[in-house]
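Got the viewer open? Let's take a walk through this one, one selection at a time.

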Amino acid sequence: MEKIKSLVSENGVVIFTKSTCCLCYSVTILFQELGVNPLVYEIDQDPQGREMEKAFQKQGCNSHPVPAVYIGGKHVGSTNEVMSLHLSGSLIPLIKTYQSLS
């Protein structure tokens, strides 16, 4: 979907969420605590949100299409994938470029 491609290509870290999703909130907070200010795009506030969700499912996010996390233009996955990367120590190298220096 063109809207997803556009947002992902223009921003280093993008998290597509739903405003009522606690897992989306947790992943967003994780990135913020790691010094990243991601673009958080709430698909339930977008008239094309349902189509966006279908696009995420086509990318392999079947059980939980959101949060859909993109880093450097690449789809990383949802909560399980992000948390696995974080616990294994592989998330920090992926986000290093996008961390603020404060």
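Before you click anything, one term: two strands count as paired if DSSP finds at least two bridges between them. Also keep in mind that this is a predicted model.

**Stop 1: the sheet**

Select residues 68-71, which make up strand S3, and then add strand S4. These two run antiparallel and pair over 3 bridges. Want one bridge to look at? Pick isoleucine 71, whose bridge partner in S4 is lysine 74.

Now bring in the remaining strands. What you get is an open sheet of 4 strands in the order S2-S1-S3-S4, with mixed pairing. Its edges are strand S2 (39-42) and strand S4 (74-77), each of which pairs on one side only. Turn the sheet in your viewer and look for the twist, which averages 25° from one strand to the next.

**Stop 2: helix H1**

Next, select residues 2-10, helix H1. This helix lies across strand S1 (13-17), S2 and S3, and runs at about 145° to S1.

Which residues of H1 are buried? Show side chains and you'll find Ile4, Leu7 and Val8. Looking down the axis of H1, the buried residues fall within an arc of 95°, so they line one face of the helix. Colour the other side of H1 and you'll meet the exposed residues Glu2, Lys5, Ser9 and Glu10. As for what the buried residues of H1 pack against, the list is S1, S2, H3 and S3.

**Stop 3: helix H3**

H3 is on that list, so go there: select residues 49-58. Its buried residues are Gly49, Met52, Glu53, Ala55 and Phe56. They cover an arc of only 155° around the axis, which puts them on the same side of H3. On the face turned away from that buried side, look for the exposed residues Arg50 and Lys58.

What do the buried residues of H3 pack against? Switch on the neighbours and you'll see H1, S1, S2 and S3.

**Stop 4: the aromatic rings**

Time to show rings. A pair of aromatic rings is described by the distance of the centres and the angle of the planes. The whole structure has 4 aromatic pairs.

Start with phenylalanine 16 and phenylalanine 56, a tilted pair with 5.0 Å centre to centre and 50° between the planes. This pair links distant parts of the chain: phenylalanine 16 sits in strand S1 and phenylalanine 56 in helix H3, 40 residues apart. Are these two rings' residues buried or exposed? Phenylalanine 16 is buried, at 0% relative accessible area, and phenylalanine 56 also counts as buried at 0%.

Keep phenylalanine 16 selected and add tyrosine 70. Here the pair is edge-to-face, with 5.7 Å centre to centre and 85° between the planes. Again distant parts of the chain are linked: phenylalanine 16 is in strand S1 and tyrosine 70 in strand S3, 54 residues apart. Tyrosine 70 counts as buried, with 4% relative accessibility.

Now add Tyr41 to the selection: ring pairs link Phe16, Tyr41, Phe56 and Tyr70 into a cluster.

**Stop 5: a cis proline and its neighbour**

Jump to proline 67, found in the loop between H3 and S3. Check the peptide bond leading into this proline from valine 66: it is cis, with omega near 0°.

From proline 67, move over to threonine 79, in helix H4 (residues 79-88). Which residues does threonine 79 touch, not counting those up to four places away in sequence? The contacts are Leu23, Val27 and Pro67. Threonine 79 is buried, with a relative accessible area of 10%.

**Stop 6: the cysteines**

Finally, select cysteine 21 and cysteine 22. How many disulfides does the structure hold? The count is 0. From the sulfur of cysteine 22, the closest cysteine sulfur is in cysteine 21, at 5.7 Å, which is too far for a bond; the cut-off for a disulfide is 2.5 Å between the sulfur atoms.

Colour these two by accessibility before you leave. Cysteine 21 counts as buried at 19% relative accessibility, just within a definition that asks for under 20%. Cysteine 22, on the other hand, is exposed, with a relative accessible area of 57%.

Methods:
Residues are numbered from 1 along each chain as its sequence is written. This is a predicted model: local features need pLDDT of at least 70, side-chain atom pairs count only at pLDDT 80 or more; totals for chains, interfaces and linings use all residues. Side-chain values use heavy atoms; hydrogens and water are left out. Axes are lines fitted to C-alpha atoms, for helices over the stretch in contact, and angles run from 0 to 180 degrees between N-to-C directions. Contact means heavy atoms within 4.5 Å. Rings of Phe, Tyr and Trp (its six-membered ring) pair if their centres lie within 6.5 Å; planes under 30 degrees apart count as stacked, over 60 as edge-to-face and the rest as tilted. Buried means under 20% relative accessible area, exposed over 50%, partly exposed in between (1.4 Å probe, protein chains only). The arc is that of the directions from the helix axis to the C-beta atoms.
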